Amino acid sequence: MSTETSAPSTQPTAPEPAATTPPEAAPAIDMDALMAFVFRAVDEVGATLNAALVVLGDKLGYYKDLAANGPTTPAELAARTGTAEPYAREWLNAQAAGAYLTYDPPSGRYTLPPEQAIALTVEDSPAFLPGFFQIALGTVHDVDHILDAARNGAGYGWHEHVTDVHVGCERFFRPSYNANLIDSWLPALDGVVEKLQEGALVADVGCGHGASTVLMAQAFPNSRFVGSDYHEASITTARRRAADAGVADRVDFQVAPAQALPGSGFDLITMFDCLHDMGDPVGAAEQVRRALAPDGTWMVVEPMAGDHVEDNLNPVGRAYYGFSTLLCTPASLSQDVGLALGTQAGPARIRDVATAAGFTRFASIAQTPFNRVLEIRP
């Protein structure tokens, strides 16, 4: 065996190569699933445009004309409504493509089916829909403001939105109130109808245009009502509605935020589809607690929602999450505290608000596809 040794190398030693993780393979694309989604998106674009078309048809009187006159040509619709035929023609075609109308090729006439006629023309039907489209279109109109708010964490107030938001909100919810409030929701409250019949003091907080307030005043002539809302233009409309309904002597509408509820000793305090919009719902609930009579009742009507995201992954939840992103959450964030409950808060979060304000009794007493009714007691 040789005793010779090697001289030290003068060349630098190459580093060991670093261990590397092979890149993950790109997921395989299911072309059928991709194209199905593309065509679903095309349908969504059509639906987006159709919101404007429904509002247009409502405001131009197209739906009511079709309901009254039956199968119609574009020229006939245009002549009866005093509009330009090219607009009537394209609107009719779009409505037929969306199955809102039927089209008969031999006669070139379009028909509004009776079911659609109820949903699109009968304003006191609980199925009436144009107000829903009107508030949606008004909400989308202000999306540039919501873009800015989302980037800087600010809010955008209810009062800052276009009029279609305020008018559409009332037109959407009022038919449901007409169908349910007097005959179903109030009787579900413990002992409240008897108080109203005898003569109760009622506050309707966040009353908007006063639809709910006026409805209760008409049904219970022995009771007195105070409607309040921070939006002055809505209160102006509410006062006019009360005068038109002949109940202005028993209804007092005031411009006031929920945290400054006017008066005390109320037998019943109501909030219709507004608690989740408030910046400080706990503060509002505390004010309700102070203003209620010892045996009073707080009735909260909120958009229909479950307590978990997965409970709300359905068509109604989808619409309400959209409103929550573009309308209700920005409204809350524009106010002090800015709790941002969201339109789909669910009964558990509303219970937390009530409990934090000192209430001890809480029950879900009624519901519709669009609303949940809660009874809250001291």
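Colleague: Happy to look at this with you! Are Phe132 and Phe172 buried or exposed?
Modeller: This is a predicted model, where local features need pLDDT of at least 70, side-chain atom pairs count only at pLDDT 80 or more, and totals for chains, interfaces and linings use all residues. Residues are numbered from 1 along each chain as its sequence is written, and side-chain values use heavy atoms, leaving out hydrogens and water. Buried means under 20% relative accessible area, exposed over 50%, and partly exposed in between, with a 1.4 Å probe and protein chains only. For Phe132 and Phe172 alike, the answer is buried.

Colleague: How many aromatic pairs does the structure hold?
Modeller: Rings of Phe, Tyr and Trp (its six-membered ring) pair if their centres lie within 6.5 Å; planes under 30 degrees apart count as stacked, over 60 as edge-to-face and the rest as tilted. By that rule, the number of aromatic pairs is twelve.

Colleague: What kind of pair do Phe132 and Phe172 form?
Modeller: Their centres are 4.0 Å apart. The angle between the planes is 10°, and the pair is stacked.

Colleague: Why is the pair of Phe172 and Phe173 tilted?
Modeller: Both of these residues are buried. The ring centres of Phe172 and Phe173 lie 4.8 Å apart, and the pair is tilted because the planes stand at 55°.

Colleague: Which ring does Arg289 lie over?
Modeller: A charge sits over a ring if NZ of Lys or CZ of Arg is within 6 Å of the ring centre and within 35 degrees of the ring normal. Arg289 is at 5.9 Å from the ring centre, over the face of Phe359.
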